[in-house]
Amino acid sequence: MLEKAYYRTFQAVFNIGSRCMNWPTPALYTGPGSIEKIPELLDKEKVRNVMVVTGPSVGKKLAPRILSLLDHAGIRYVLFAEVESNPTVIIVNKIQKLYLENGCDGFLAIGGGSPIDAAKGAAARVVRPKAEVGKMAGLLKVMKKIPPFIAVPTTAGTGSETTIAAVITDSETHHKYAIMDLKLVPKYAILDPELTRELPPKITATTGMDALTHAVEAYTNLTYNTDETIRMSEEAVCEIFRYLERAYSDGNDMEARTQMLIASYKAGFAFTRACVGNVHAIAHTLGGLYNTPHGLANAVILPIVLEDYGEAVYVKLAHLAELTGLKDEGSVEEKAKAFIAEIRNMNRRMGIPTGFDFIKEEDIPQMISWALAETNPFYPVPVIYDRRRCEAVIRRIISEA
Ligand SMILES: [Fe+2]
């Protein structure tokens, strides 16, 4: 009880401070062909040698389109295309080293959340060379302007192009944690749906469910929400319900691809201010320990945690059920349950499992410790978990596999 009172007091005090902060948003360029804007933006920022950060697959398939634009404009670049999912401290340090060795003067991150987060981590290290990555974990530890940063998402999910967070994994301990700082919001975000056209259905599904989790966790959180984050969450949920499965079944549906990128951006806008919650905190432990893709972990855990929250979230979920046109008759409880049931239905229709059977018994105590340490005291979750309740949720994730 005392702990919970402390967490709520912390959140109330942080909320007052948060409303006095200047929350930056990236300048946004959207639509097919918007990548063509990149050379002009780099030029505007006087970037002459840009550090391009991406993953192996995007590095082969999509990055060349952007690199040829740079070649054409006479902008030099250094390419690092080795960021795998759940990027590690080692990768962040490699990027920082390359950046400094080559005298780079800006970042261009192309990919899903992993390359964008790894580049953000490296940017933080560039301006804080004495701070180890782990030392910047948590809130407001960077506090220094990073070099010009352009984020180009190639999935519609993480929202990293607009958030204050970089999620990094310690390769030795397998602890996955977030560096959160207003300075990590990219200066520019390019939402070009052409880059998501060839995304495989499975990744479209899980990254889209990550975006849904951002919107729902932000929306059901207490305290930090503003009128704008509430509106952004609601719009994101409606758009994801409408367009995710269209993008999943037809990757060439450019309207669906465009709307999913916008929804993901809106969900990112909402959660960077209003925070994520227990779903993400538990999902991060699976990413760190078992390399579970982030969106997949969230997709599986989201309905389980919402069911566990019970009546604490009924009113808000009922409202989402009405807004999405899912159910506008019946009691608040019935509508909320219909909303959760629809998340399970979406998962099933897109081939996402109902649980995970690979979680090892001996890892559970560590998972609980990491998840609670991530959530408390900072995330204003609708239900504060203690060890017992967190364990019960993890055991449901296993038993529902
Ligand atoms: Fe996420």
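Which strands does helix α9 (residues 254-274) lie across? They are β1, β6 (149-153) and β9, and the helix runs at about 150° to β9. Helices here (H or I, at least four residues) and strands (E, at least two) are DSSP runs, numbered from the N terminus. Axes are lines fitted to C-alpha atoms, for helices over the stretch in contact, and angles run from 0 to 180 degrees between N-to-C directions.

A quick word on the model: it is predicted, so to speak of local features takes pLDDT of at least 70, side-chain atom pairs count only at pLDDT 80 or more, and totals for chains, interfaces and linings use all residues. Residues are numbered from 1 along each chain as its sequence is written.

Zooming out, the protein has 15 helices and nine strands. Its radius of gyration, taken over C-alpha atoms, is 20 Å, close to the 21 Å that the globule rule gives for 401 residues, so the protein is as compact as a globular protein of that length. That rule is 2.2 Å times the number of residues to the power 0.38. Of the 401 residues, 53% count as buried, meaning 20 or more other C-beta atoms within 10 Å of their own (exposed is 12 or fewer, partly exposed in between; C-beta atoms are placed from the backbone).

Now the sheet. It is open, with six parallel-paired strands in the order β1-β9-β6-β4-β2-β3. β1 (27-30) and β3 (76-80) sit at the edges, each pairing on one side only. Neighbouring strands are turned by 20° against each other on average, direction ignored. Two strands pair if DSSP finds at least two bridges between them; β1 and β9 (residues 188-191) have four, and run parallel. Within that pair, A27 stands opposite Y188 in β9.

The protein is divided into two domains, with bounds from an automatic or database domain assignment:

| Domain | Residues | Residues in contact with the other domain |
|---|---|---|
| domain 1 | 31-196 | 27 residues |
| domain 2 | 201-399 | 31 residues |

Contact means C-beta atoms, placed from the backbone, within 7 Å. On the side of domain 1 that touches domain 2, β7 (165-169) and β9 are the elements that give two or more residues. β7 gives the most, with three. The residues of that side divide into ten nonpolar, 15 polar and two charged. Nonpolar covers Ala, Val, Leu, Ile, Met, Phe, Trp, Tyr, Cys and Pro, charged covers Asp, Glu, Lys and Arg, and the others, Gly among them, are polar. The domain centres, taken over C-alpha atoms, are 25 Å apart.

Note on methods
Contact = placed C-beta atoms within 7 Å.
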